[in-house]
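User: I am new to this structure and should like to learn how to read its features one at a time. Please give the general idea where there is one, and then the case at hand.

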Amino acid sequence: MTFKEKSASGKKLSLNGDERSHSTQKKQGWEYSASPESTDHIQLRKKYDLFIGGQWVKAAKYFPTINPATEEKIALAAFASNSDVNKAVLSAKRAYEKVWSKVSPKERAKYIFRIARIMQEKAREFAVIESMDGGKPIKESKGIDVPLSIAHFFYYAGWADKLQFAFPGKKFLPVGVVGQIIPWNFPLLMAAWKIAPALACGNTVVIKSAETTPLTLYKLAEVIEEAELPAGVVNIISGAGETGAAIVNHPEVKKIAFTGSTEVGKIILRSIAGTDKKVTLELGGKAANIIFEDAPIDQAIEGIINGIYFNQGHVCCAGSRLLVQESIKDTVVKKLKYRLRSLKVGDPLDKNTDVGAINSKEQLKKIKELVSSGVDEGCTLYQSDCTLPERGFWFRPSFFTNVAQSNRIAREEIFGPVLSIMTFRTPKEAIEKANNTQYGLSAGIWTDKGSKIFKMAGDIKAGVVWSNTFNKFNPASPFGGYKESGFGREGGLHGLKEYLSFNE
Ligand code: NAI
Ligand code: MG
């Protein structure tokens with residue numbers, strides 16, 4: 001049986017007051033009118049060359065980047081070859097030795113600050129392009145990705161001339177050339193997380209965007225040009241896994257910052273074994289979002305929704321395993337079903353859209369395969385009954401009940417809008433279940449009791465533990481994982497440390 005057939009036979013809920021008024025609204029046609037963000041203000045080239053040494057450099061090969069909501073081609077992006085990577089690394093090395101290492105920290109700060117200011121001016125354009133290229137709702141790119149990216153540049157601009165206060169009594173130097181490889185789920189934000197601290201610490205950069213989302217990084221290259229950052233300090237390229245591998249293996253790259261799959265993280269670690277390269281890896285996750293019976297339930301429901309359906313669930317720290325105390329399970333499931341019905345799925349550029357397009361055909365295939373495995377293993381699937389657009393890549397907001405810890409959907413990262421719901425009886429059982437994973441990136445706790453929050457947060461092995469909230473980010477707050485979620489921290493003081501070499 002396929003999961004589609006199973007969902008169609010899902011039982012109808014009995015309606016409470018709220019639900020009745022909702023269904024009446026639907027019948028009377030009280031739907032939101034379309035509210036599309038305009039695209040006439042954005043400027044895109046038809047073809048993006050590589051941004052190396054402050055120049056736009058032609059590549060031998062180009063690949064199309066499409067809009068996953070329409071499957072239409074947006075532009076061509078250069079596919080950097082090994083020799084292009086070499087060019088970018090050597091240009092970063094030259095810029096480091098001849099220019100950037102001689103620029104005073106105070107001047108470095110001004111450049112980073114200028115990048116942030118120019119990004120602010122272009123914030124709307126960045127948001128629209130991010131949503132077009134990657135499929136995320138415009139309200140998220142406009143309200144989260146872009147402002148948070150800018151905030152990272154502002155934050156690290158502030159540190160550039162105060163590093164001795166960040167690490168008092170320590171002697172340190174920049175690392176030199178850093179290689180940065182980022183994924184497709186938060187392209188601009190991941191670039192900001194990586195470029196801003198690298199520059200603040202006095203390094204030069206070669207950064208590669210992911211296969212499906214090269215555009216906002218090339219927009220950032222235009223900002224960097226406009227900020228008159230010395231040529232070669234930041235080199236921006238696009239390509240595929242082999243391009244990333246060429247960065248990792250280049251002998252002049254002294255530090256690697258990677259965000260992506262655990263599988264590729266392991267490849268990177270293996271290939272740099274025996275070298276003196278520094279590395280930070282931010283990999284997958286399977287976070288527990290834990291709801292106690294004393295939690296403010298309606299807030300917790302919003303936290304669950306935000307935890308798993310934000311950015312279509314393409315979030316490494318997504319709250320993809322819901323652990324709900326047994327006594328309130330039925331209430332939570334009922335409220336979730338109701339809430340799922342009001343999630344608007346569709347055009348990422350529509351301001352009312354809650355859940356946009358799945359980033360790529362490949363990712364959609366992976367989500368479908370894992371969801372089928374959940375159905376085959378006997379879990380119960382519930383899906384939103386919204387209508388989906390005909391073209392593009394879409395997946396209904398979904399959740400599973402009757403999930404065992406051994407099921408694949410409870411163990412593997414689905415990286416889509418799919419939640420696995422399990423129950424617990426005692427805090428001890430919740431901790432055991434939360435930690436029963438190969439990952440350790442994030443977790444959420446919902447309870448009225450402060451003491452419970454402290455106990456749980458201390459016992460859960462995760463880099464970030466949110467209490468009575470979820471998916472909250474701030475440039476001052478370090479982010480990163482344990483176990484197979486990787487190591488090293490991005491953000492805050494911790495994030496600076498990764499871009500300096502200490503002479504202890
Ligand atoms: P991926 O790990 O293959 O891609 C991430 C980045 O690494 C891309 O820029 C890619 O070009 C690059 N890359 C690939 N192979 C490389 C290599 N050998 N050396 C250096 N760089 C390399 O992730 P993919 O295939 O796009 O997604 C697969 C799964 O990974 C997703 O379904 C999701 O579960 C997980 N993922 C997790 C992310 C996170 O934020 N933790 C982000 C993206 C994917
Ligand atoms: Mg794209």
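User: Where does ligand 1 lie with respect to domain 1 and domain 2?

Analyst: This is a predicted model. Ligand 1 lies between the two domains, because domain 1 (47-283) and domain 2 (285-467) both give residues to the shell around the ligand.

User: How many residues surround ligand 1, and which are the closest?

Analyst: The shell has 26 residues, and the closest are Gly241, Gly244, Gly260, Ser261 and Cys316. By class, the shell around ligand 1 divides into 14 nonpolar, eight polar and four charged residues.

User: Which helices supply at least two residues of the shell around ligand 1?

Analyst: Helix H10 (241-249), helix H11 (262-272) and helix H14 (361-376) each do so. H10 gives the largest share of the shell, with four residues.

User: How should I read the contact between the domains, and how many residues does each one give?

Analyst: In general, the size of an interface is often given as the accessible area lost when the parts come together. Here the description rests on residues instead. The domain assignment of the protein chain gives domain 1 (47-283) and domain 2 (285-467), and the C-alpha centres of these domains lie 30 Å apart. The contact takes 17 residues from domain 1 and 21 residues from domain 2. On the side of domain 1 that touches domain 2, helix H5 (123-134) and helix H6 (138-159) each supply at least two residues. That side of domain 1 has six nonpolar, six polar and five charged residues.

User: Let us turn to the strands. Which way do the residues of strand E9 point?

Analyst: In a regular strand the side chains alternate between the two faces of the sheet. In strand E9 (residues 234-237), Val234 and Ile236 point one way, while Asn235 and Ile237 point the other way. These four residues of E9 are buried. Strand E8 (residues 204-208) runs parallel to E9 and is joined to it by four bridges. Val206 stands opposite Asn235 of E9.

User: What is the order of the strands in the open sheet of seven strands?

Analyst: The order is E14-E15-E16-E13-E12-E18-E19, and the pairing is mixed. Strand E14 (380-383) and strand E19 (464-467) are the edge strands, each pairing on one side only. From one strand to the next, the twist averages 20°.

User: How many bridges join the edge strand E14 to E15, and in which direction do these strands run?

Analyst: Four bridges join E14 to strand E15 (residues 398-401), and the two run antiparallel. For Thr380, the bridge partner in E15 is Thr401.

User: My last topic is backbone angles. Which sign does phi have at Phe415?

Analyst: Most residues other than glycine have a negative phi, and most peptide bonds are trans. Phe415 has a positive phi of about 60°, although it is not a glycine. Its place is in the loop between helix H15 (408-411) and strand E16 (418-424).

User: Is Phe415 buried or exposed?

Analyst: Phe415 counts as buried because 25 other C-beta atoms lie within 10 Å, and the cut-off for a buried residue is 20 or more.

User: What is the phi of Lys483, and where is this residue placed?

Analyst: Lys483, which is not a glycine either, has a positive phi of about 50°. This residue is placed in strand E20 (residues 482-483). Lys483 has 18 C-beta neighbours inside 10 Å, and therefore counts as partly exposed.

Terms used
Residues are numbered from 1 along each chain as its sequence is written. Chains are lettered from A and ligands numbered from 1 in the order in which they are written. This is a predicted model: local features need pLDDT of at least 70, side-chain atom pairs count only at pLDDT 80 or more; totals for chains, interfaces and linings use all residues. Two strands pair if DSSP finds at least two bridges between them. Axes are lines fitted to C-alpha atoms, for helices over the stretch in contact, and angles run from 0 to 180 degrees between N-to-C directions. A residue is near a molecule or strand if its C-beta atom, placed from the backbone, lies within 6 Å of it. Ala, Val, Leu, Ile, Met, Phe, Trp, Tyr, Cys and Pro count as nonpolar, Asp, Glu, Lys and Arg as charged, and the others, Gly among them, as polar. Domain bounds come from an automatic or database domain assignment. Two residues are in contact if their C-beta atoms, placed from the backbone, lie within 7 Å. A residue is buried if 20 or more other C-beta atoms lie within 10 Å of its own, exposed if 12 or fewer, and partly exposed in between; C-beta atoms are placed from the backbone.
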